[in-house]
Amino acid sequence: MRKPKKGVLGFYVSVVSILSFIGGGFAIYFSFIYGCSQWQAYQSQYWPHTTAVIEKIDFISSKHKSKTLFHAQIDYRYFVAHQVYRGEYQSSSTDTLAEQQEQWAAYSVGGPLSVAYQSFNPSVVFTRFDQHPWWLHAIKSVGLLLFSLLVFCMGGVLCLSMLGITYKEPRASKRERADSQRECRVNAIARKKAQGSLRKKA
């Protein structure tokens, strides 16, 4: 009984291909969601603006590999048509707490904060810190989408190649094998006759 040719390398290729295909699909979905949020952030510079009130400022630490990073989280409330809404903003991380405290020294609890809200859905809000140049949004969104498509396509190609490698042709039936053997014998006899006639002519 012949054992299938399947080693450790083939197993790892199979796992990587499947994970790449599935992960690429999820990455495309999340890149679409990220692109929509980035597009909203870009559009928010044209939305109605109002002044929010800062309710809380926290400086939060997080571990990234062997480093400790710090970022600020600002909770605020704002009013639209006599209705109160709440939002939060998280700053980009820095290496030290002192950098964050210095960066946000001008802001305090109870102080003002400029925000922009969506006119037909005031719960969607962006601060002026979220509003970056349009080209930065485009680079982030397109770059993430291209990377997701690359991973997805790579996983798909690997899956197809894996299926091509492991696919085996179905075994021929007894009748087909007998017909094939009979045809081979007939061809062999015909070749011998042809060679014998050539020898006689020579």
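Which residues form one aromatic cluster? Let's work towards that together, keeping in mind that this is a predicted model.

**Exercise 1. Describe the aromatic cluster, pair by pair.**

*Solution.*

Step 1. Start with the total: the structure holds five aromatic pairs. For Y76 and Y78, the ring centres are 6.3 Å apart and the planes meet at 40°. Planes under 30 degrees apart count as stacked and those over 60 as edge-to-face, so the pair of Y76 and Y78 is tilted.

Step 2. Move on to Y78 and Y85. Their ring centres are 5.6 Å apart and their planes lie at 20°, so this pair is stacked.

Step 3. Put the pairs together: Y76, Y78 and Y85 form one aromatic cluster.

Step 4. Now ask how covered these residues are. The cut-off for buried is under 20% relative accessible area. Y76 has 1% and is buried, Y78 has 0% and is buried, and Y85, at 16%, counts as buried too.

**Exercise 2. Work out how strands β1, β2 and β3 are joined.**

*Solution.*

Step 1. Find the strands. Strand β1 covers residues 49-64, strand β2 covers residues 67-80, and strand β3 covers residues 83-90.

Step 2. Look at the first pairing. β1 and β2 run antiparallel and are joined by 11 bridges. As an example of facing residues, D58 stands opposite Q73 in β2.

Step 3. Look at the second pairing. Eight bridges link β2 with β3, again in the antiparallel sense. Here I74 has Y89 in β3 as its bridge partner.

Step 4. Check how covered strand β2 is. Of its 14 residues, 10 are buried, so the strand is mostly covered.

A useful idea to keep in mind: in a regular strand the side chains alternate between the two faces of the sheet.

**Exercise 3. Which residues in the turns have a positive phi, and are A81 and H82 buried or exposed?**

*Solution.*

Step 1. Begin with the hairpin of β1 and β2, which has two residues between its strands. In this turn, K65 has a positive phi of about 60°.

Step 2. Go on to the hairpin of β2 and β3, also with two residues between the strands. A81 lies in this loop, and its phi is near 55°, a positive value in a residue other than glycine.

Step 3. H82 is found in the loop between β2 and β3 as well. H82 is not a glycine either, yet its phi is positive, at about 65°.

Step 4. Compare the accessibilities with the cut-off for exposed, which is over 50%. A81 reaches 73% relative accessibility and therefore counts as exposed. H82 has a relative accessible area of 86%, so H82 is exposed.

**Exercise 4. Trace the salt bridges around E55, and add the one between K56 and D58.**

*Solution.*

Step 1. Note the total: a search of the whole structure finds five salt bridges.

Step 2. Take R77 and E55. They form a salt bridge whose closest N and O atoms are 3.2 Å apart. Because R77 lies in strand β2 and E55 in strand β1, the pair ties together parts that are 22 residues apart in sequence.

Step 3. Take R86 and E55. In this salt bridge the closest N and O atoms are 3.1 Å apart. R86 lies in strand β3 and E55 in strand β1, so this pair ties together parts that are 31 residues apart in sequence.

Step 4. Sort the three by accessibility. R77 is partly exposed at 27%, E55 is partly exposed at 26%, and R86 is exposed at 54%.

Step 5. Add K56 and D58, whose side chains meet in a salt bridge at 3.7 Å, N to O. K56 counts as partly exposed at 39%, and D58 likewise at 29%.

Step 6. Finish with the shared partners: E55, R77 and R86 are joined into one network.

**Exercise 5. Where does Q118 sit, and what does it touch?**

*Solution.*

Step 1. Q118 is found in strand β4, which covers residues 112-118.

Step 2. Its relative accessibility is 9%, so Q118 counts as buried.

Step 3. Leaving aside neighbours within four places in sequence, Q118 is in contact with Q40, W47 and V124.

Note on methods:
Residues numbered from 1 in each chain as written. Predicted model: local features only at pLDDT ≥ 70, side-chain atom pairs only at ≥ 80, totals over all residues. Heavy atoms only, no water. Helix = DSSP H or I, 4+ residues; strand = E, 2+ residues; numbered from the N terminus. Buried < 20%, exposed > 50% of the residue type's maximum accessible area, 1.4 Å probe, protein only. Contact = heavy atoms within 4.5 Å. Pairing = 2+ DSSP bridges. Phe/Tyr/Trp six-rings, centres within 6.5 Å; stacked < 30°, edge-to-face > 60°. Salt bridge = Lys/Arg side-chain N within 4 Å of Asp/Glu carboxyl O.
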